[in-house]
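Welcome to the tour. Please open your viewer, load the model and keep the selection tool at hand.

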Amino acid sequence: MMQSGSPALKGHKLARLLGSWSTGQRPSSGALYRAVRQSVLDGRLPPGTRLPAEREFAEAVGTSRTLVASALERLRAEGLVASRRGAGSWVSLPEGGTEAGSGGWFPPEHAETINFAQATPAAPPELAEAVENARTRFAEQIGGHGYQPHGLHALRERIAERFTRRGLPTGPHQVLVTNGAQHAFALTLRLLTAPGERVLVEHPTYPNALEAVRAVNAAALPVPMVDGGWDPELVEATLAQGAPRLAYLIPDFQNPTGALMSGATRERLAAALRRHRTTAVVDETLVDIDLTAAAAPPPMASFAEERVITIGSASKSFWGGLRLGWVRAPEEFVQRMVIGRAAVDLGSPVFEQLVLAELLGRADAILRSRRVETIERRDALVAAVRESCPQWSIPVPDGGLALWCHLGQPVGSRLAVAAEQHGVRLASGSMFAVQGSLEDRVRLPYTLPIDRLRAAVSKLALAWTAVHGVGADDPWRSPIT
Ligand SMILES: Cc1ncc(COP(=O)(O)O)c(C=O)c1O
């Protein structure tokens with residue numbers, strides 16, 4: 001984790017990242033500690049980042065060296081910062097493990113902490129029966145070697161059938177089973193990008209996708225989402241001017257905005273991808289979480305098969321614990337992926353694939369119940385937040401699993417810090433940004449049972465009261481007039 005060879009973050013960059021970190025009239029080491037801690041937790045300061053020397057740090061954030069030293073001491077005690085004489089200090093991972101979270105990582109949560117950061121539902125009741133049925137099928141598999149780099153044929157058939165039913169004729173040879181959509185995206189990036197190449201991303205976007213882009217040393221090229229949706233002209237202009245190698249798009253209930261791309265926009269963007277010879281990775285992780293009765297737009301790949309690699313997931317439709325997803329692409333690309341995959345892993349677990357094949361066999365019924373439950377939870381959350389935090393603006397999404405709330409003030413990270421102190425783990429808007437911004441947003445998932453959602457909102461309201469009204473310009477930082 002230690003990166004003593006890498007250059008330290010410049011003081012002014014750190015100051016920008018931390019924003020207005022003092023919640024009180026006077027800066028305190030506690031406030032600075034909380035601000036740095038939150039930046040580490042939400043991924044703005046990734047592990048390994050070297051911090052500026054204490055003197056530069058203090059000057060950049062406008063405080064004393066003693067106060068910085070004391071904040072760093074607390075972070076060191078928690079394992080979030082490590083230091084060595086002569087090498088300085090860097091962001092670190094605490095011993096004892098961490099919990100993966102969207103785009104950042106979190107220390108282990110206390111039993112009483114409500115996880116309001118993860119937009120992932122629990123498994124449907126049908127999982128138990130699917131496991132039982134898979135057990136019988138498993139016996140047929142164990143005589144073989146068990147390595148299936150493409151995925152189990154029966155599962156690939158089921159996945160292919162679902163694409164065909166959605167209007168995109170697909171055969172099993174066009175499907176590769178992966179360990180989740182994130183794995184599918186990471187594999188695709190490894191195959192298709194070289195260091196320094198650009199990847200167009202929606203802004204805001206799914207934080208772990210940004211991590212994957214960073215991990216291959218590609219550069220994220222953000223296109224803002226406008227009025228809760230896509231502006232095709234902006235996307236076209238970015239394709240033309242930025243010449244990205246890849247475009248990563250989430251047209252179905254985009255994470256975090258919940259936006260659904262219309263059929264007409266899909267068609268138009270597909271034509272632009274062809275014109276600019278850019279391949280799109282279309283992430284359909286949330287496609288099944290459709291909370292409307294309207295007809296779904298066709299899959300993006302049906303407008304430009306040769307330019308679109310579709311990735312999908314079992315995590316939101318069924319259960320994240322299966323750790324299964326897939327790629328749907330031209331057969332030659334699937335073959336390339338199978339070869340490329342060997343450097344990383346040699347296939348997905350057979351038993352879980354059998355379980356997923358069972359679940360897909362009764363997907364319609366499972367998704368119907370999931371839709372009813374998700375609508376109830378979404379509506380309960382909207383009502384609770386509107387009542388407790390009436391200053392926020394909350395568009396109600398037609399699908400997906402989270403509300404993208406507008407706070408009206410740039411206090412998202414500060415709210416997340418305060419919420420954690422009240423026992424609620426929260427994803428602030430900055431986690432979904434390419435670089436620290438979107439501070440006026442938070443994402444609230446509606447994947448918990450309604451009583452837990454209400455309990456979380458009550459705690460959140462207390463946190464909101466604590467930060468509310470302390471805007472970007474802390475009084476102590478403003479010139480005294
Ligand atoms: C848009 C998007 N893509 C990918 C993922 C990760 O999917 P998986 O669990 O299949 O890796 C998520 C999970 O939140 C997501 O929202």
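Before the first stop, a working term: a residue counts as buried when its relative accessible area is under 20%, as exposed when it is over 50%, and as partly exposed in between. What you have on screen is a predicted model.

**Whole chain.** Select the whole protein and colour by burial: of its 481 residues, 54% count as buried. Why does the radius of gyration agree with a compact globule? For 481 residues such a globule would have a value near 23 Å, and the protein has 23 Å. Rotate the C-alpha trace along its principal axes, and you will find a span of about 70 × 50 × 50 Å.

**Fold.** Switch to a cartoon view to see 16 helices and 15 strands. Then turn on contacts between residues at least 6 apart in sequence: 75% of these join residues at least 24 apart.

**Surface and charge.** Show the surface next. About 20,400 Å² is exposed, and carbon and sulfur atoms supply 52% of that area. Now colour the charged side chains, 51 positive and 48 negative; the centres of the two sets lie 5 Å apart.

**A loop to zoom into.** Select Pro349, in the loop that runs between helix H12 (331-341) and helix H13 (350-361). Is Pro349 buried or partly exposed? Its relative accessible area is 40%, so Pro349 is partly exposed, since that value falls between the 20% and 50% cut-offs.

For the last stop, add Asn179 to the selection. Asn179 and Pro349 are 170 residues apart along the chain, yet their C-alpha atoms are separated by 8.4 Å.

Note on methods:
Residues numbered from 1 in each chain as written. Predicted model: local features only at pLDDT ≥ 70, side-chain atom pairs only at ≥ 80, totals over all residues. Heavy atoms only, no water. Helix = DSSP H or I, 4+ residues; strand = E, 2+ residues; numbered from the N terminus. Rg over C-alpha atoms; globule rule 2.2 N^0.38 Å. Buried < 20%, exposed > 50% of the residue type's maximum accessible area, 1.4 Å probe, protein only. Contact = heavy atoms within 4.5 Å. Areas by Shrake-Rupley, 256 points an atom, 1.4 Å probe, with all protein chains shown as cover. Lys, Arg positive; Asp, Glu negative; His and termini not counted. Charge placed at Lys NZ, Arg CZ, Asp CG, Glu CD.
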